[in-house]
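Trainee: I've got this model open on my screen and I'd like to work through it with you. Can we start with the whole chain and then go down to single residues?

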Amino acid sequence: AVWKSGLRGVHTEVPSIAKSIVNHVQTTLARQAYNLDNAGAYGAVAHTVRDDLIINWNDTQMHYTRKAPKRAYYLSLEFLMGRTLDNALLNLGTKDAYKESVAKLGFNVEDLIDSERDAALGNGGLGRLAACYLDSSASQEIPLWGYGLRYEYGMFQQLIATDGSQLEAPDPWLTHANPWEIPRLDVTYDVRFYGHAERFDDKNGIWSGGQEVVAVAYDVPIPGYATKNTNNIRLWKSAPKRGFDLNSFNAGDYERAVESSNSAEALTKVLYPNDNHMVGKELRLKQQYFWTAASLADIMRRFKNTDKPIKEFPDLVAIQLNDTHPTLAIPELMRILVDEEEVPWKDAWEIVTKTFGFTNHTVLPEALERWPVPLFQHLLPRHLQIIYDIDFEFLQAVEKKFPGDREKLARMSLIQEGMPQYIRMANLAVLGSKKVNGVAELHSQLVRTTILKDFVEFYGSSKFGNVTNGVTPRRWLDQCNPDLSNLITETIGVPKTTWLKDLYLIKGILDKVDDETFQKKFAAVKRKNKERLAAYIHSTLGVTVDASAMFDIQVKRIHEYKRQTLNLLGVIHRYLSIKALTPEERKKVNKRVVIFAGKAAPGYYIAKLTIRLIVNVARVINADPDTAEYLTLLFLPDYSVSLAELLVPASDISQHISTAGTEASGTSNMKFTLNGGLLVGTVDGANIEIAEEVGEENVFFFGHLAATVEDIRYQHAYHPVPVEQKSPALARILNEVSSGRFGDAHVYEPLLNTIRQSDYYLLTDDFDSYLEAQKMVDDIYSKDPIGWIKRSITSVACMGKFSSDRAIMEYAEEYWNIERVKLE
Ligand code: 26Q
């Protein structure tokens, strides 16, 4: 294929690959080729692929510079990349050649691939979405760079203690050299904190003093699929400006001098492990400013190299804010323009508001970012002045449009009144952006009608749109499920390199939905993937599971709104029901293996209790000979991208059961469906759009709708009905847990009380409907296996919309106004 053979040597032939691997063993690793272990072989192979990536990276970036098109920048505090080697080989189209080369050297390429550590620079959905978007931008030849932080410690490793509770261990992922990054020790920027700010009458100012930290660039090449185009993620590492603080050094205070260098390096030490929950730590705000300041300085330097006048900045630059985390980029660009480039305030604001786009990922109140004014004042005094100036002008405009509406002004202001006052980052992000979007239709609708209602009335609705999330079919189909990918290719008669970049083409398998031979092949792929997962479960947990049973999977961050507890209580109900049957009756029961995985934020008490209860219920259920054949419950520790790659192809059903209106989109729902697993879900997030595409008859929906949730919560507060009346089935199960049937009777009371008392997430209201949906699942799976396979085939066929290629092209065309720049 054309993209493989550039003028300069991307390794495509077996002899040259093998030669390069041996060369890297001897030079890069400084080891002997004759007694190499897997880790050494992995390192040498990775460096050979790295060489390939760097050649394409250089050519792409040179091409971009020469053509000088408008570029987009994706600012994200999280890039949840997972492993790189397999993905790079597949995107470069060199996997087969490498497999053969590695075999010639006495190694198995799959073993090397499996020995790689995940790059876990993200919490969950938002971080993985950023990774999918970078893959799609390169594959679709869109000139886009990501900007983020090079955390020394990524997402913590999850361990399960003997009592079932979660323990967190650090993730020192950089202790072995990282072949996938290119240090750019010459690309550095100074970033200031604290100090003193002056403001003059023209709203320009000076910021001086305080403390400076250096940002050092590390580049991560992102290869496109079946193209030479290779994009970039630039990650910043913090370093002390000088090795020592000279003042304290001269004063003889050596210890303090070294401490200050420690505090600079502390900035990019660790990823905050909170998902959908704001924590107001000063260090987090420092991370946010450090990263946005370095990224903007870098973007500005690149812009200035084009010699265009500053007012043309928005013609060459689009910056997308991945949630409110990078919102400081708005006042920072104002500061650069007004204080450093001497642009008049009004012109600067016009430039800013043509440059930024803001993607919102949540409507949960506890996740909306707000920062105390006193903290902000101390850390970023000049930015606070700029925010006050933006706010003042904005409120005047609101007052003009809606005279006398004091409450509206209070709601829309960038400053939330109180002791202390808070800065509302979402409001700032809206004001400073050209366009604002949510991540699924329902979510975008909720954004427009709830948290940003006032802003829609003020700006008009054309500023507020939707881009439904997507996932990359390279990693989430071809890479994790090669057998299904091959079956699709042979069935639709379109080359893989074509349909993996135009996912709507998989509709072609619909012709074969009634074809018995195809059905058998399709079912065999699923079965093989389940066996692969069963082998993993056996080797890690020592549990034997029956691959002929239905695999029922819920994997995601542990959070009350995602309602893992609803699933668990459903499992207990199933357990008690099976136990109540005679041995003869049990033979008709649909066999299930129920799998949970996911991390709880270390400070989230109820989420951690949920894990503990799952693990202890599993112990009781799995030890019961009466039910062993029919029900297995598992909690797989340390959920990660690479574990997801094993789970996603192996589900018969997966659960996406958030209280309606709470899950902005979800993206694993797309991954599971794309791999032939059906959904049990609420009418929420992207579940709705998946059902629109695959047909509602192929999704097991249950529960109350988003529109009625508020009314129900009102009833809970003012006309509470005891659980016993609402759902006797649920009441019984809660009592079983309370009675100590699953151990530690008292320990789980706080978790059970969230349901018995306010039940904010409506478990009592949705439980019976959930059981009905599950009964439908059991009936169809056990009584109509062919019908099930047809549903599964149809679902896969209709998933074209959910490619992240579609999503990235919507951003490019409708939000950034940028075009493809193909490297020939
Ligand atoms: C904020 C302030 C301080 C500390 C941490 C945070 C923080 C960190 C991560 C807040 C939120 C997050 C992550 C949010 C997230 O992953 N949201 C998910 O985004 C997905 C992609 O759009 C959606 O599919 C999910 O529905 C949404 O929950």
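Mentor: Sure, and one term comes up straight away: a residue counts as buried if 20 or more other C-beta atoms lie within 10 Å of its own, and as exposed if 12 or fewer do. Keep in mind too that this is a predicted model.

Trainee: Then what share of the 824 residues in the chain is buried?

Mentor: Apply that cut-off of 20 or more other C-beta atoms within 10 Å to each residue. Over the 824 residues of the chain, the buried share comes to 49%.

Trainee: How many helices and strands does the chain have, and how compact is it next to a globular protein of that length?

Mentor: The secondary structure comes to 35 helices and 24 strands. The radius of gyration is 27 Å, and the globule rule gives 28 Å for 824 residues, so the chain is as compact as a globular protein of that length. Along its principal axes, the C-alpha trace spans about 85 × 75 × 60 Å.

Trainee: Of the contacts between residues at least 6 apart in sequence, what percentage joins residues at least 24 apart?

Mentor: Here a contact means that two C-beta atoms lie within 7 Å. Take the contacts in the chain between residues at least 6 apart in sequence, and the part that joins residues at least 24 apart is 75%.

Trainee: On to the domains. Which element gives the most to the side of domain 1 that touches domain 2?

Mentor: The assignment gives domain 1 (68–83 + 118–182 + 218–233 + 279–370 + 423–469) and domain 2 (473–799). Their contact takes 35 residues from domain 1 and 34 residues from domain 2. On the domain 1 side, strand 2 (79–82), helix 6, strand 5 (157–160), strand 6 (166–169) and helix 17 (441–449) each supply at least two residues. The one that gives the most, with five residues, is helix 6.

Trainee: And how do the residues on that side of domain 1 divide by type?

Mentor: The side of domain 1 that touches domain 2 has seven charged residues and twelve nonpolar ones. The polar residues there number 16.

Trainee: Where does the ligand lie relative to domain 1 and domain 2?

Mentor: There are 24 residues around the ligand, and the closest are G125, L126, H361, A664 and S665. Domain 1 and domain 2 both give residues to this shell, so the ligand lies between them.

Trainee: Which helix has the largest share of that shell?

Mentor: By type, the shell divides into eight nonpolar, twelve polar and four charged residues. By element, the largest share is three residues, and they come from helix 6 (residues 125–139).

Trainee: Why do the buried residues of helix 12 end up on the same side?

Mentor: The buried ones in helix 12 (residues 345–355) are A348, W349, I351, V352 and T355. They cover an arc of only 160 degrees around the axis, which puts them on the same side of helix 12. As general background, an α-helix has 3.6 residues a turn, so residues three or four places apart point the same way.

Trainee: What covers those buried residues of helix 12?

Mentor: The cover includes two helices and two strands, so look around them in the viewer. Among them are helix 10 (313–316), strand 12 (317–322), helix 11 (329–340) and strand 13 (356–359).

Trainee: Now some backbone oddities. Is L762 buried or exposed?

Mentor: L762 sits in the loop between helix 32 and helix 33. Its phi is positive, about 65 degrees, although L762 is not a glycine. With 22 other C-beta atoms within 10 Å, L762 is buried.

Trainee: And Q757, buried or exposed?

Mentor: Q757 lies in the loop between helix 32 (749–756) and helix 33 (763–783). Only the count matters here: Q757 has 10 other C-beta atoms within 10 Å, so Q757 is exposed.

Trainee: Last one: which residue does a cis peptide bond join to M419?

Mentor: Omega of that bond is about 0 degrees. Look in the loop between strand 15 (415–416) and strand 16 (422–424). The partner of M419 there is P420.

Conventions. Residues numbered from 1 in each chain as written. Predicted model: local features only at pLDDT ≥ 70, side-chain atom pairs only at ≥ 80, totals over all residues. Helix = DSSP H or I, 4+ residues; strand = E, 2+ residues; numbered from the N terminus. Arc of directions from axis to C-beta. Rg over C-alpha atoms; globule rule 2.2 N^0.38 Å. Near = placed C-beta within 6 Å. Nonpolar A, V, L, I, M, F, W, Y, C, P; charged D, E, K, R; others polar. Domains from an automatic or database assignment.
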